[in-house]
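Here is a short, friendly briefing to read with the model open beside you. We begin with one residue and its surroundings, then turn to the core and two loop positions.

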Amino acid sequence: MYKVLLLNDDYTPMDFVIAVLQRFFSLDTEQATQIMLKVHNEGRGVCGIFPRDIAATKVEQVIAFARQHQHPLACIMEEN
């Protein structure tokens, strides 16, 4: 299993991060806000834990979506 993480940057708006968490990780507003604040305050936050292929797909989807909206949001996966 692999953790999917978002990494903090100084440019991506907080509301965009919340939208990403809701759209790609099916989180409600409360959960998405908690993870966004963790990313903002601690530099990274776990979005979920998935099998390797699903984690890789989610990373690709988040990065592509962020680039479409001209945001440098970084999304990575790590072995859990």
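Beyond its neighbours within four places in sequence, histidine 71 is in contact (heavy atoms within 4.5 Å) with Tyr11, Thr12, Pro13, Phe16 and Ala66. This is a predicted model, in which local features need pLDDT of at least 70, side-chain atom pairs count only at pLDDT 80 or more, and totals for chains, interfaces and linings use all residues. Residues are numbered from 1 along each chain as its sequence is written, and side-chain values use heavy atoms, with hydrogens and water left out.

**Histidine 71**
- Histidine 71 sits in the loop between helix H3 (52-68) and strand E3 (74-79); helices (H or I, at least four residues) and strands (E, at least two) are DSSP runs, numbered from the N terminus.
- Histidine 71 counts as buried because its relative accessibility is 17%; buried means under 20% relative accessible area, exposed over 50% and partly exposed in between (1.4 Å probe, protein chains only).

**The core**
- The largest nonpolar core (buried Ala, Val, Leu, Ile, Met, Phe, Trp, Tyr and Cys residues joined through side-chain atoms within 4.5 Å) has 24 residues.
- H1 gives the most to this core, with seven residues.
- Val4 is among the residues with the most contacts inside this core, and the partners of valine 4 beyond four places in sequence include Phe25, Val46 and Ile76.

**Two loop residues with positive phi**
- Serine 26, in the loop between H1 and H2, has a phi near 55° and counts as exposed because its relative accessibility is 67%.
- Glutamine 70, in the loop between H3 and E3, has a phi near 55°, a positive value in a residue other than glycine.
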